[in-house]
Amino acid sequence: MLFRSEALGSIVEGTWDREAYKEEMAEMEKVNEAFAEIRALLGSGKGDEAADLVDRMIADARNPMVKARLQQVRGQLDGVRLQMAIASGGEGAAEAFDAMVEKVGDEPERLNELAWMVVQMTEQGAPIGDDVKAAALAAAEKGAKLDPDNGPILDTLAHLYAMHDRLDDAIAAQRKAVKAGGVMAEPMKAYLEELEAKKSGK
């Protein structure tokens, strides 16, 4: 655990504050106990209440590491709530997606995460509305403009172009993704071959 490893380093250096460490652990224990309540709220469809609870915990957190952990949870919570909104369909799905896009701003990796979520949900058979797919495409295009040499972002963009039956655009984007390379180079090559085969009618 991170707290314990840091505490060990402090002991070795002779700077460990036992009482401060006990307070840190007690605060983290309260956070862990609250997770059950957060899950229960989400399970009963009370996403706003779950978010409010985490926001209050962030405001009350005294330890920087506890606050950072809570902020990470808040981001994950937003993702879960968005998935739930998309899965439920209706006008609120696209609105929820657009709100999240606005929240992440000009962070290409975060935009890619949102757009790729829609790709994955679609591939898993979720009934994704055309308005959500269009919003995801816009997010991917924005991400690609912000980071034009990012292979995974271009790969996401290619998937979304294909979902919109824009095969030529999908192939062009995927060729750029393959050229950019990276750890996903092989899967990206395989998807390019799939797109090209579809284009040739094979």
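**Group meeting: the largest pocket, helix α7 and two single residues**

Helix α4 makes the largest contribution to the lining of the largest pocket, with 5 residues. I begin there, and I should say at once that this is a predicted model.

Three helices, α3 (47-60), α4 (64-88) and α5 (91-104), each give the lining of this pocket at least two residues. In total, 13 residues line the largest pocket, and those nearest its centre are D48, R81, L82, A85 and A96. By character, the lining consists of 7 nonpolar, 2 polar and 4 charged residues. The volume of the largest pocket is about 250 Å³. As a reminder of the principle, empty space is revealed by rolling a probe the size of a water molecule over the atoms.

How confident is the predictor in this protein? The average pLDDT of the protein is 83, and 88% of its residues score at least 70. Helix α8 (residues 151-163) has the highest confidence, with a mean of 97, while helix α1 (residues 2-13) has the lowest, with a mean of 47. The pLDDT lies below 50 over residues 1-5, a stretch that has 11 contacts in the model beyond near neighbours in sequence.

I turn next to helix α7 (residues 130-146). Its 17 residues reach 24 Å from the first C-alpha to the last, close to the 24 Å expected at 1.5 Å a residue. Buried within α7 are V132, K133, A135, A136, L137, A139, A140, G143 and A144. Which elements cover these buried residues of α7? The cover includes α4, α5, α6 (108-123) and α8. On helices in general, there are 3.6 residues a turn, so residues three or four places apart point the same way.

Two single residues remain. The first is Q174, which sits in helix α9 (residues 167-180). Is Q174 buried or exposed? Q174 counts as buried because its relative accessibility is 0%, under the 20% limit. Leaving aside residues up to four places away in sequence, Q174 touches L154, D155, A158, M188, Y191, L192 and L195.

The second is D165, located in the loop between α8 and α9. D165 has a positive phi of about 60 degrees, although it is not a glycine. For context, most residues other than glycine have a negative phi. D165 has a relative accessibility of 68%, and therefore counts as exposed.

To close, I return to the pocket: α4 supplies the largest share of its lining, 5 residues, and R81, L82 and A85 are among the residues nearest its centre.

Definitions and conventions:
Residues numbered from 1 in each chain as written. Predicted model: local features only at pLDDT ≥ 70, side-chain atom pairs only at ≥ 80, totals over all residues. Heavy atoms only, no water. pLDDT = per-residue confidence, 0-100. Helix = DSSP H or I, 4+ residues; strand = E, 2+ residues; numbered from the N terminus. Contact = heavy atoms within 4.5 Å. 1 Å grid on protein atoms, 1.4 Å probe; cavity = no way out; pocket = protein on both sides within 12 Å on 5 of 7 lines; lining within 4 Å. Points joined across faces, edges and corners; volume = space filled by probe spheres on them. Nonpolar A, V, L, I, M, F, W, Y, C, P; charged D, E, K, R; others polar. Buried < 20%, exposed > 50% of the residue type's maximum accessible area, 1.4 Å probe, protein only. Expected span 1.5 Å × (residues − 1).
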